[in-house]
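Reader: I should like to learn how the terms used for a structure are justified. Could you take me through the reasoning step by step?

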2 protein chains.
Amino acid sequence: MASVAVENYLKSMWELGPADVATQELAQHLAVAPASATRMLQRLSERGLVAHTPYRGASLTTTGERKALAVVRRHRLLETFLARTLKLGRDQLHDEAERLEHALSPALEAAIDDYLGNPQRDPHGHPIPGPQGELPPEGDVALGDWPLDRPAKVSQVPDRDVEKLAWLEAQGLVPGRELRLVARDPFDGGVTVKLDGKLLQVAASVADEVRVSGEGAT
Amino acid sequence: MASVAVENYLKSMWELGPADVATQELAQHLAVAPASATRMLQRLSERGLVAHTPYRGASLTTTGERKALAVVRRHRLLETFLARTLKLGRDQLHDEAERLEHALSPALEAAIDDYLGNPQRDPHGHPIPGPQGELPPEGDVALGDWPLDRPAKVSQVPDRDVEKLAWLEAQGLVPGRELRLVARDPFDGGVTVKLDGKLLQVAASVADEVRVSGEGAT
DNA sequence: TATAAAGTTTAGTCCCAGCTAAAACTCTCA
DNA sequence: TGAGAGTTTTAGCTGGGACTAAACTTTATA
């Protein structure tokens, strides 16, 4: 089994990918020193999990991506499981799943998947990779990029940023919620949306992390 | 937070205690070399978690025991939670909980305890320490030591030994089951019990690990 | 009670994964 | 185009936790 550290590096690589990831970016994401990231990239490279070009960045190999997706799958299954059973709030899920994802055996993973009825999305709306890492094509788009006046449904909200998440939750902006975009600020990228007849200002930084899709899709 | 290794050493010490534990015994229990156990005992001793007398063995300090019980609590809550939600068999619980117990945050522990309604026993009948490590006094006794002909109720079965557990389960010897001891082999310590009118031979090695109590108790 | 056997600790290594400081590389822009 | 800024890598250390081999205690036995 891969160590916790290795799993975290692979997961970060996947989250920052698929383009080449800079050492510094990776290091920041993991809160380690750049030199530590370099060293680990060299190890992962030896093990065939990443392709690392010195001074140029690194990306996951197919094998590496498969392993990364296995971690993501466990993470998202756990979030869904904890939400379903314990009714944890969306803002608590991420950190808990982050800890547990490295300790989930294949048998338990399967049992949870089964219990949940093979869910396709976690409570943040993120797609759950299949047992072999299959991911459905994403049919959604950032809230800020949605055309004006066309009905949309929230498909994904961020999972890491507890601040934004709490705000979104308070406004009822959760996956499944229907809305309409009524205005876009051309300068800062913020948007105004209409929810149940009420208007709501959404800052650009938040709008960037909320994804929406048309009625039919997702 | 104590590392996984430290938590495992403390838990083993607790399981093997409360008398002084020999280095070799501890090492075997954890599947490490005796020298490794010595080194760790020295560390734990420095940190005030065990009292180690060179060449004589070691035992938990009060602080060490508190930490050990916290791990045991997480373990048993997890077993109960997994059994309740996922309907895992008694024989799968131990290994899964063993992995997860080190990754359970205080918040999640509390949420699980709450969800389960503050259970007092895990699915093997083992008592679950309270949040501060409180353990109820045990009113039970090994099956082999129960007097003949007096009605008894199974209170605890082993959790580690999958073989024995599977056998016990197959015979219906699970916590809560009522039985009567009808004979005891004076030589090997095996016993014969009566379950629902049927007679059943129980080998000494198994009888040693099953605990029973009178009707009222437990 | 001496000595052998059994158990324990010390000494010396190894690997992992982090760190800082210094060196090497790349890129930009004057 | 070449100098400095920024990024990345190398070098060298640290600590955790494992291992083996050798030295040392304790216990058991003759």
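Author: A polar contact is a pair of N or O atoms within 3.5 Å. The model shown here is predicted. In it, a polar side-chain atom of Ser3(B) lies 2.4 Å from a phosphate oxygen of DNA strand D. As the cut-off is 3.5 Å, this pair is a polar contact.

Reader: What makes the pair formed by Arg43(B) and a phosphate oxygen of DNA strand D a polar contact?

Author: An N or O atom in the side chain of Arg43(B) is 3.3 Å from a phosphate oxygen of DNA strand D. The limit is 3.5 Å, so the pair qualifies. Chain A offers a further case: a polar side-chain atom of Gln42(A) lies 2.4 Å from a phosphate oxygen of DNA strand D.

Reader: Which residues surround DNA strand D most closely, and how many surround it?

Author: There are 23 residues around DNA strand D, and the closest are Gln42(A), His52(A), Ser3(B), Ser36(B) and Arg56(B). By class, the residues of this surface are 13 nonpolar, 7 polar and 3 charged. Helix 3 of chain B gives the largest share, 5 residues. At least two residues each come from helix 2 (23-30) and helix 3 (34-46) of chain A, and from helix 1 (4-16) and helix 3 (34-46) of chain B.

Reader: Which parts of DNA strand D lie within 4 Å of the protein?

Author: Of the DNA strand D atoms within 4 Å of the protein, 81% belong to sugar or phosphate, and the rest to bases.

Reader: Why is helix 1 of chain B called roughly perpendicular to helix 4 of chain B?

Author: Helix 1 of chain B packs against helix 4 (residues 62-86) of chain B at an angle of about 95°, and their axes are 8 Å apart. Angles of 65 to 115 degrees count as roughly perpendicular, and therefore the name applies to these two helices. On the side of helix 1 of chain B, the contact is made by Glu7(B), Leu10(B), Lys11(B) and Trp14(B). Among the partners in helix 4 of chain B are Leu69(B), Val72(B) and Arg76(B). The contact has 6 nonpolar, 2 polar and 6 charged residues.

Reader: How do you know what kind of axis relates chain A to chain B?

Author: A turn of 180° with a shift of 0.0 Å along the axis lays chain A on chain B with an RMSD of 0.1 Å. This is the relation of a two-fold axis. In chain A, the C-alpha of Leu100(A) is nearest the axis, at 3.3 Å.

Reader: Why can one say that the copies meet through the same surface?

Author: Of the interface residues of chain A, 100% are also interface residues in chain B, and therefore the copies meet through the same surface.

Conventions. Residues numbered from 1 in each chain as written. Chains lettered and ligands numbered in written order. Predicted model: local features only at pLDDT ≥ 70, side-chain atom pairs only at ≥ 80, totals over all residues. Heavy atoms only, no water. Least-squares fit on C-alpha atoms with pLDDT ≥ 70 in both. Contact = heavy atoms within 4.5 Å. Near = heavy atom within 4 Å. Polar contact = N/O pair within 3.5 Å; in protein donor to acceptor, adjacent residues only side chain to side chain. Helix = DSSP H or I, 4+ residues; strand = E, 2+ residues; numbered from the N terminus. Nonpolar A, V, L, I, M, F, W, Y, C, P; charged D, E, K, R; others polar. Axes fitted to C-alpha atoms, helices over the stretch in contact; angles between N-to-C directions. Parallel < 35°, antiparallel > 145°, perpendicular 65-115°, else oblique.
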